[in-house]
Amino acid sequence: MNRIYRWLFGRGRTTLPARDGGAVQTVQVRLSPQELLDDRSVIIAYGLISSPPVGADVLLVCGSGDRSDSVVIAHNHQQYRYTAAQPGEAGLHNGVCGSTILLKANGDVYIKPASGRVVVDGGAVTADDFITTSGVKLSDHTHGGVQKGGDKTAGPQG
């Protein structure tokens, strides 16, 4: 039985950056010191974007038991994987830079951009409740120093 699994599946590591210019993403995979497979198609779930870093672990399925007829169905990078998820949580994580979007078990959505910025390109951000910054509500705050003419107001107050 073990021999059958070895013919149908393979484990290895990526050796070059993924190539993403064609119809499907491809990677080069080293299975053993003697076995190097080039241009293995990577199958990932629709809507997810992922380009595994060099050294990522991969799982190959060899449809006909032939390594030349194989596709990558999963990949993981031991150094960069997210390790703090609680049972029931899901999200996106870029371990190379440290950005995370986590759907927490308690219903919160946790967003941590490594750059400190969240960019909305060509859209609007809408909140049903309120947005705060430094404890001041965006929708419901006052400004001091209001005067007539061209003077400016003071900064927001709580």
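This is a short tour of the structure above, one selection at a time.

The model is predicted, so a few ground rules help: local features need pLDDT of at least 70, side-chain atom pairs count only at pLDDT 80 or more, and totals for chains, interfaces and linings use all residues. Residues are numbered from 1 along each chain as its sequence is written, and side-chain values use heavy atoms, with hydrogens and water left out.

**Stop 1: the whole chain**

Start by showing the full C-alpha trace, which spans about 85 × 35 × 25 Å along its principal axes. The radius of gyration of the chain is 24 Å, whereas a compact globule of 158 residues would have one near 15 Å. That radius is taken over C-alpha atoms, and the globule rule is 2.2 Å times the number of residues to the power 0.38.

Now colour by secondary structure. You will find one helix and twelve strands, and the helix comes before the strands as you travel from the N terminus. Helices (H or I, at least four residues) and strands (E, at least two) are DSSP runs, numbered from the N terminus.

Next, try a surface view. The accessible surface comes to about 11,700 Å², with 54% of it belonging to carbon and sulfur atoms; the areas come from the Shrake-Rupley method with a 1.4 Å probe, and for residues only the protein chains shown count as cover. Of the 158 residues, 18% count as buried. Here buried means under 20% relative accessible area, exposed over 50%, and partly exposed in between (1.4 Å probe, protein chains only).

**Stop 2: strands side by side**

Select β1, residues 9-14. This strand pairs with β4 in the antiparallel sense over five bridges, and one place to look is glycine 10, whose bridge partner in β4 is leucine 60. β1 also pairs with β2, again antiparallel, over two bridges. There, arginine 13 has arginine 30 of β2 as its bridge partner. Two strands pair if DSSP finds at least two bridges between them.

**Stop 3: the largest nonpolar core**

Which residues make up the largest nonpolar core? Select Ala18, Val27, Val29, Leu31, Leu37, Val42, Val58, Leu60 and Val72, nine residues in all. β2 (26-32), β3 (35-42) and β4 (57-62) each supply at least two of them, and the largest share, three residues, comes from β2. A nonpolar core is a set of buried Ala, Val, Leu, Ile, Met, Phe, Trp, Tyr and Cys residues joined through side-chain atoms within 4.5 Å. In soluble globular proteins, nonpolar side chains tend to be buried together.

Zoom in on valine 29, in strand β2. Valine 29 counts as buried because its relative accessible area is 0%. Leaving out residues up to four places away in sequence, valine 29 touches Gly12, Arg13, Glu35, Leu36, Leu37, Arg40, Val58, Leu60 and Val72. Contact means heavy atoms within 4.5 Å.

Then move to valine 42. Its contacts, apart from neighbours within four places in sequence, are Gln25, Thr26, Val27, Val72 and His75.

**Stop 4: a turn of the backbone angle**

Pick aspartate 39, in strand β3. Phi is near 55° here, a positive value in a residue other than glycine. Is aspartate 39 buried or partly exposed? Aspartate 39 is partly exposed, because its relative accessibility is 42%.

**Stop 5: two cysteines and a long view**

Select cysteine 62, buried at 1% relative accessibility, and then cysteine 97, partly exposed at 45%. The disulfide count is zero, with a disulfide taken as a pair of cysteine sulfur atoms within 2.5 Å.

To finish, draw a distance from valine 29 to glycine 149: their C-alpha atoms, 120 residues apart along the chain, are separated by 69 Å.
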